[in-house]
Amino acid sequence: MKNILLLTVLIFSFHLSLFAQNTYTVDGNSYQLNTEVHGTLTLLSNSIDGNIRFFSKKGNEIFELVNTKKNGDYQEEYIAVLKQHSGNMDAEVSDVKLTMGSLRTFYNEYNKQADSSFSYDENPVRLIAYLGAFGGVTNAIFSGNETNVYQPKIGVEVELMDAQKLKRHAIVFRLSQTFKSDEQKNSATQISFNYRFKFINSETFNAFLNTKVAAYSYIKNEFNVAATDTEPARIEETSGGGFDAPIAFGIGAEYKLGNGYLFATYNDAVALNQDGNGEFPIDVSLGYKFKL
């Protein structure tokens, strides 16, 4: 069991390092920025205070790309920055829009002209990650809860998604711990692999279907042994774990709050490949996840 938990921590640490951002100082302010295009001319970006902001880096010089509105007209200050950074290169600056796709195309074309060895993917995948923590209650119908009482549950999750091409799809790794209660003396630790489809996907609110594809569960049971003529009453324990593919479905919703989302989930409502105790499933949780 300790090896499983250690492996999970290592996996989470790997994802944290994989999606780490770099810190840049622009006009005296520090920003955590993603690298969208890396080359002679580098494009940086991030979501800051709910807005996507872009920055242009050439050598040690970094300028923000902005397009302010004055008296009803856009000033297109970013065009001047692009002209300054592109110099005399044959690049169509005036046609560039302040959007991810247009900027990426411009930066790739410029870098290709500036460096013949420069190469790029015309359809890049932009992976982002969220780290979340949650808590809730469950009647644990799939882990031997014969009395059907509610048990407290906490956990953490890492969500991976492609923000460029597959905005409605996500892969989620979850580590959850269900604790024993006064009436139910079993506890469970589970590591699961999940797929989420966001059937409502907007800037501030998402609703999704969650499918638990595979899981490793470690269950520990305590039970009372009655006294006999030769032995006193005692408590005995049994424990064990194993992998399964429950194909369990749940639903959830999330609301954008700060640098992440407040989310609520109803888990394991129906399982195609796992038997329960016959009771109606209750497994709800509330949590918060933030962008790494």
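Here are a few notes on this predicted model, mostly about helices H2 and H3.

1. The overall picture first. The chain has 292 residues, 38% of them buried. Its secondary structure comes to three helices and 16 strands. If you take the contacts between residues at least 6 apart in sequence, 53% join residues at least 24 apart.

2. Now the helix pair. H2 covers residues 77-86 and H3 covers residues 100-114; they pack at an angle of about 15 degrees, and their axes lie 12 Å apart. Angles under 35 degrees count as roughly parallel, so that is how H2 and H3 run relative to each other. Their crossing is right-handed.

3. As for who touches whom, H2 brings Leu82, His85 and Ser86 to the contact, while H3 brings Leu103, Phe106, Tyr107 and Tyr110. By residue class, this H2–H3 contact has five nonpolar residues, two polar and no charged.

4. A quick check on the geometry of H3: at 1.5 Å a residue, its 15 residues should span 21 Å, and the end C-alpha atoms are indeed 21 Å apart, so the two agree.

5. Which residues of H3 are buried? The list is Met100, Leu103, Arg104, Phe106, Tyr107, Asn108, Tyr110 and Asn111. Note that Arg104 and the two asparagines, Asn108 and Asn111, are on it.

6. And what covers those buried H3 residues? The cover includes H2, along with strands S2 (29-37), S3 (42-48), S4 (51-58) and S5 (61-65). When looking at H3, then, keep these strands in view as well as H2.

Technical notes. Residues numbered from 1 in each chain as written. Predicted model: local features only at pLDDT ≥ 70, side-chain atom pairs only at ≥ 80, totals over all residues. Heavy atoms only, no water. Axes fitted to C-alpha atoms, helices over the stretch in contact; angles between N-to-C directions. Helix = DSSP H or I, 4+ residues; strand = E, 2+ residues; numbered from the N terminus. Parallel < 35°, antiparallel > 145°, perpendicular 65-115°, else oblique. Left-handed = near helix turned anticlockwise from the far one by under 90°. Contact = heavy atoms within 4.5 Å. Nonpolar A, V, L, I, M, F, W, Y, C, P; charged D, E, K, R; others polar. Expected span 1.5 Å × (residues − 1). Buried < 20%, exposed > 50% of the residue type's maximum accessible area, 1.4 Å probe, protein only.
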